[in-house]
Amino acid sequence: MTAQSREYIFAVGKDLGIIMDNNFPNMDYDADEVINEFKEKIKWPKNDEVQAIVKPTKLPLRILLALLITVIAGAGIYYMMLPALNIHDSQMYVFVIILVAVFMGAFGILCGANRQIERKEYVKKKSIIPIAIILVIVAVMGVGTLTGITLFRAHSYSQLLEVQESDFSTDFAQISYDKVPRLDASTALTLADQQLGSLSEYKSQYVVSNFSTQINFNNSPYRVAYLEYADFFKWVNNTKNGLPAYMLIDLVSQKVSAVNCVKEFGEGIKYSPTELFNEKLIRHLRFQYPTYLLDTPKFEINEAMYPYWITPVLDKTIGLFGGTDVKGVIITDALNGESNYYTMQEVRTAEELSWIDVVYSEELLIEQYNYYGKLRNGFWNSIIFQNDVNITSNGSGNIAMGDDVWVYTGVTSSKADASNFGFILCNQRTKEARYYPNAGAMEYSAQASAKDAVMNYGYSATFPILLSIDGNPTYFMSLFGDGNTVKGYAFVSLEDKTVVGTGLLDVAKSDARALNDALANYIDALKEKGVVDNDVSNEDFLVDESELAGADGNSNAQTDEKPATQVKSVTGEVSDIKTSVNDGNTVYYLMIDGKYYYIKVTDCMDVLLVKKGDTVTIEADESNDKFIPAKSVTVK
C-alpha cells in the first residue's frame, strides 16, 4: 500500500468517525473508572470528611430491623453451633460475641454508616456499649480460665479421681481367659464391615460407623456399632425410614450379626449422629436440654437388644472451664427419640439401669488419673522435683468384670521409661478406680514379644489385656493378619516379656485348640523359667474344648466322645437367609421348615447362589436342634 492510499483511508475514516460521534453516544468506557465509581459509592467515609454527627431518621425502626436481622442470623448460627446456654460452656460466650457483632454490623448498614460520615460517627458513638459487652465477656472468660488452671488448683485436680490400691490375685481371679475379648475395636469393626458387605439388603446403602461401644451383654463382652449412610444421596433415599439395623460383635466367639430393628422393634433408628437437620442426635438433644453440657453419645443396647444412646452430662468443677466430670446421663430411645435424664447416683444404684456400661469415656478416666498421678504432691513438684509422679502408659484396653466394663492401662513414670510401675482399672459406669502395684513390661513391649514369637507369619498383636494365670500377671493378645482376622493367640508374662506362649489357628485347626495351645506353651515357658513348679500339669489350666466350641460355635472343635448321628437329606423352600462371620469365615444360615441349616462358604461355594424362595437340597445330620450344621447345599 502506497503512502497516498494510506492518507486517503485515514481521511475517510476520520470523516466517518466525525459522523459516528455526531450520531451515536460515546461507548469508550474505562473499566477502572467504573470500578472506582462503584467503590466510591460503597466505601466508608474518612474521618477527616466529617462535619457533623447526624442522628438517623426513624431510629426505632432501624434498631428493630437490626434486632430482627440479629435474631434470624443468630437462629441459624445457633442451629449450627449448638452451644449450651450454660456459663461453663466456652462456646456460649463465643456465640454471644457473634450476636453482638452481627447486631453492630446490621445497625451500621441500616443507619447508612457506609455512605455518610456523619452517620458513621453516630454509629461509632453508639457502639461503645456493644464493645463494652464484648470486653466484659472476654474478661470473664479470661478470669474463669485462670481460676481453673492447674497452676493454682493442682490439689483440686488431683482429687477428681479417687484411687484405691487393690490386690491383683483377688480381683483378677474372677476373670476367665476363655471369656476375655479376642478382638479389639479395629479388628471388630473389620469383621462388622465384612458382615455388612454380605447382606444384600444393606449393601451400598450403609457403612459401619468407626465408633463402637464395648458392652457386657449376656455376661459376655460385645461391641455394638451403629450404621451410617454411605453418602448424602443414600441419606436422601433412606432417611425417612431411618437406619434399619445395627451391628453386634461377640468379642469371644467373633460372631457378627446385623440386628434388624425394623423386624425386631417395628421401626428403624431415626436419631443418630449420621442424620441431618432435627434428627441429628446432638441437635435433638440440644433442643431437649438447652442448658446441659453434653459429651459424645455412646451407642448401647439393653438386655432385650433394644438400642439406646447414652449421653453423659458434664460438669465443670474447677473454675469456669476446668475439672471436667460427669454429673448424670441422658438415655435416648434411638428409634423414637424420647429421652430421660438420670443423676450419677441413680445410674450407680438403680437396678433397672444396670445394663448401662459406658458413662465415663476412656479419655476422661485417663485424663483424671493423670491429674492424680502428676499433681497430688503439688504443681511445682510435677515440674521440678517430680517425686512420686506417674502417668498412664500409651494405649488402653477393656476388661469385663462382673456386670461392668473396666478400662485397663499401665502406669509409668512421667519420663520415658521401658517398664510400668503397675496398672489401673477404672469402671466406666461408676468411676471406681483401682491401682495394682505389679511392675513389669509395658504394653507395646509385650506386643513386640508376641509379634517376634510369630515373626515368620508376619502377624500383628492386639492391645494386651492383663489376666491372672496361676496368680501370675499375664498379658493376653490376639494375633491377626493383614485382613484383620484373628489367626491365633499369645500369652506374655508381665514380669518377664521373654516368657511367651502362642497358638495358631492354622496349626490347631480350631479356635478353641489354638487358645489352649497358647496357654499350654505359656505354662511350659513358665516352668522353664522356674516361675511354676515342673510337676504342675498343663491340664489344670486348659479349658474343655467342647465347652469353648459351644461358646463360639466353632464346628471344628468337636470332641471324639460326641455320638455319631445319621445323615439325612432335606429338600425344601428357603424361607429365610441369615449370615454371620465366625473366625473370619462367612457362614450362611438357611431356614427350611422352621429350622436353620448352616454351612461355611469355604465348605460350599454354591451357598452363595441361594436366594430366598429357592428350593434346595441339604445333606445334614439328623437333629432336633433349631440350628443344624449342613454338609452340603444343592440348588434345585
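**Sheet, hairpin and helix packing in a predicted model**

User: In this predicted model, how many bridges join strand 3 to strand 4?

Analyst: Strand 3 covers residues 220–229 and runs antiparallel to strand 4. One position of this pairing is Ala225, which stands opposite Met247 in strand 4. The number of bridges joining strand 3 to strand 4 is 5.

User: Which residue of strand 5 is the bridge partner of Met247?

Analyst: Strand 4 (residues 245–250) also pairs with strand 5 (residues 256–260), in the antiparallel sense and over 5 bridges. Met247 thus has Ala225 opposite it, and on strand 5 its bridge partner is Ala258.

User: Which residue in the turn between strand 4 and strand 5 has a positive phi?

Analyst: Strand 4 and strand 5 form a hairpin, with 5 residues between them. A phi of about 70 degrees occurs in this turn, and the residue concerned is Gln254.

User: Which strands stand at the edges of the sheet, and why is one side of each left without a neighbour?

Analyst: The sheet is open, with 4 strands in the order 2-3-4-5 and antiparallel pairing. A strand with a single partner strand has one side left without a neighbour in the sheet, and this holds for the two at the edges. Those are strand 2 (206–217) and strand 5.

User: By how many degrees are neighbouring strands of this sheet turned against each other on average?

Analyst: The value concerns neighbours in the order 2-3-4-5. With direction ignored, the average turn is 25 degrees.

User: Which helix packs on the sheet?

Analyst: The helix in question touches strand 2, strand 3, strand 4 and strand 5. Its direction makes about 125 degrees with that of strand 2. It spans residues 185–197 and is helix 9.

User: Is Asn260 buried or exposed?

Analyst: Asn260 has its place in strand 5. Leaving aside neighbours within four places in sequence, Asn260 is in contact with Tyr202, Pro244 and Ala245. Its relative accessible area is 16%, and the cut-off for burial is under 20%, so Asn260 is classed as buried.

User: What backbone atom lies 3.0 Å from a polar atom of the side chain of Asn260?

Analyst: The side chain belongs to a residue of strand 5. At 3.0 Å from one of the polar atoms of the Asn260 side chain lies the backbone nitrogen of Val262.

User: At what angle do the axes of helix 3 and helix 4 cross?

Analyst: Helix 3 (residues 59–81) and helix 4 (residues 90–110) have axes that come within 8 Å. The crossing is right-handed. By class, their contact has 19 nonpolar, 3 polar and 1 charged residues. The crossing angle is roughly 145 degrees.

Conventions. Residues are numbered from 1 along each chain as its sequence is written. This is a predicted model: local features need pLDDT of at least 70, side-chain atom pairs count only at pLDDT 80 or more; totals for chains, interfaces and linings use all residues. Side-chain values use heavy atoms; hydrogens and water are left out. Two strands pair if DSSP finds at least two bridges between them. Axes are lines fitted to C-alpha atoms, for helices over the stretch in contact, and angles run from 0 to 180 degrees between N-to-C directions. A crossing is left-handed if the near helix is turned anticlockwise from the far one by less than a right angle, and right-handed if clockwise. Ala, Val, Leu, Ile, Met, Phe, Trp, Tyr, Cys and Pro count as nonpolar, Asp, Glu, Lys and Arg as charged, and the others, Gly among them, as polar. Buried means under 20% relative accessible area, exposed over 50%, partly exposed in between (1.4 Å probe, protein chains only). A polar contact is a pair of N or O atoms within 3.5 Å; within protein, one must be able to donate a hydrogen and the other to accept it, and residues adjacent in sequence count only if both atoms are side-chain atoms. Contact means heavy atoms within 4.5 Å.
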